[in-house]
Amino acid sequence: MKLHAFKIAAMLTLGACCIPLQSCKEEQKTIKPVVVEFKKEGELVLKKANDSIIKTIDIEIADDEYQTQTGLMYRDQMDMDKGMLFIFPEEEFKAFYMKNTKIALDIIYIDSNKNIVSFQKNAEPFSETSLPSDAPAKYVLEINAGLADKWQLEVGDKIEYKRID
């Protein structure tokens, strides 16, 4: 009699354990990765010091704390005619890093007169190494790695940009 009662208690306990596992499986949800789409917020013109146009690109603008902290993180790719322009309230030495950034970038530091003051080329994806400017900057432009060389950008070249409402 004791053995029979033990078997019933064991089956009830085992059955009770299995039911939650089964219902948990049914309630599992698939987590979809977040896809961050490019949103054109302006146009930027890169110019030589003599004002000849080098290239015009579409830009996203990062001008608040959240946008400047996030930047191009979590993006799988960026078209070659696009970039992100960071606008800071003060001109000062800046340093960027590539944490959670999947694409290699050229980082271009630009002063308050909109002149290029330094570069960090071919920044390595996911690296947390600090990539500082060589001079104070108010703006930072991120473009795909290799484009600064392809477009023959140099210190002293400049930018102009306009927002699109």
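## Close-up views of a predicted model

**View 1. The largest nonpolar core gathers around six well-connected residues.** Within this core of 19 residues, the members that touch the most others are L44, L85, I108, L141, I143 and L153. Several elements contribute at least two residues each: strand 1 (42-47), strand 2 (53-62), strand 3 (82-92), strand 5 (105-110), strand 6 (116-123), strand 8 (137-144) and helix 3 (147-150). A second core, separate from this one, has 18 residues, among them F86, F88, I107 and A123. Please keep in mind that everything shown here comes from a predicted model.

**View 2. I143 and its neighbours.** Which residues does I143 touch, leaving aside those up to four places away in sequence? The list includes I57, M78, K82 and G83. It also takes in A104, L105, D106 and I108, together with A148, W151 and L153. As noted for the first view, I143 is one of the core residues that touch the most other members.

**View 3. Strand 8 is enclosed by the rest of the structure.** Is strand 8 largely enclosed or open? Eight of its eight residues are buried, so strand 8 is largely enclosed by the rest of the structure. It pairs with strand 3 in the antiparallel sense over five bridges, and here M84 has E142 as its bridge partner. Strand 8 also pairs with strand 5, again antiparallel, over six bridges. In that pairing, I110 is matched with Y139 of strand 8.

**View 4. The seven-stranded open sheet, from edge to edge.** The strand order is 6-5-8-3-2-1-9, and the pairing is mixed. Strand 6 and strand 9 (158-163) are the edge strands, each pairing on one side only. On average, neighbouring strands of the sheet are turned by 30° against each other, direction ignored. Towards the strand 9 edge, strand 1 and strand 9 run antiparallel and are joined by six bridges; K47 stands opposite K158 there. For orientation, the protein chain has three helices and nine strands, which follow one another from the N terminus as α-β-β-α-β-β-β-β-β-β-α-β.

**View 5. K48 meets two acidic partners.** K48 forms a salt bridge with E154, with the closest N and O atoms 3.4 Å apart. This pair links distant parts of the chain: K48 sits in the loop between strand 1 and strand 2, E154 in the loop between helix 3 and strand 9, and they are 106 residues apart. D157 forms a salt bridge with K48 as well, at 3.1 Å between the closest N and O atoms. Because D157 also lies in the loop between helix 3 and strand 9, this pair ties together parts that are 109 residues apart in sequence. How do the two acidic residues compare in exposure? E154 counts as partly exposed at 46% relative accessibility, whereas D157 counts as buried at 3%.

**View 6. D76 and K102 bridge two loops.** Their side chains meet in a salt bridge of 2.9 Å, N to O. D76 lies in the loop between helix 2 (65-70) and strand 3, and K102 in the loop between strand 4 (95-96) and strand 5, so the pair ties together parts 26 residues apart in sequence. D76 is exposed, with a relative accessible area of 55%, while K102 is partly exposed at 38%. Elsewhere, salt bridges that share partners join K40, E43, D58, D79, D81, K82 and K162 into one network. The structure holds 15 salt bridges.

Definitions and conventions: Residues are numbered from 1 along each chain as its sequence is written. This is a predicted model: local features need pLDDT of at least 70, side-chain atom pairs count only at pLDDT 80 or more; totals for chains, interfaces and linings use all residues. Side-chain values use heavy atoms; hydrogens and water are left out. A nonpolar core is a set of buried Ala, Val, Leu, Ile, Met, Phe, Trp, Tyr and Cys residues joined through side-chain atoms within 4.5 Å. Buried means under 20% relative accessible area, exposed over 50%, partly exposed in between (1.4 Å probe, protein chains only). Helices (H or I, at least four residues) and strands (E, at least two) are DSSP runs, numbered from the N terminus. Contact means heavy atoms within 4.5 Å. Two strands pair if DSSP finds at least two bridges between them. Axes are lines fitted to C-alpha atoms, for helices over the stretch in contact, and angles run from 0 to 180 degrees between N-to-C directions. A salt bridge is a side-chain nitrogen of Lys or Arg within 4 Å of a carboxyl oxygen of Asp or Glu.
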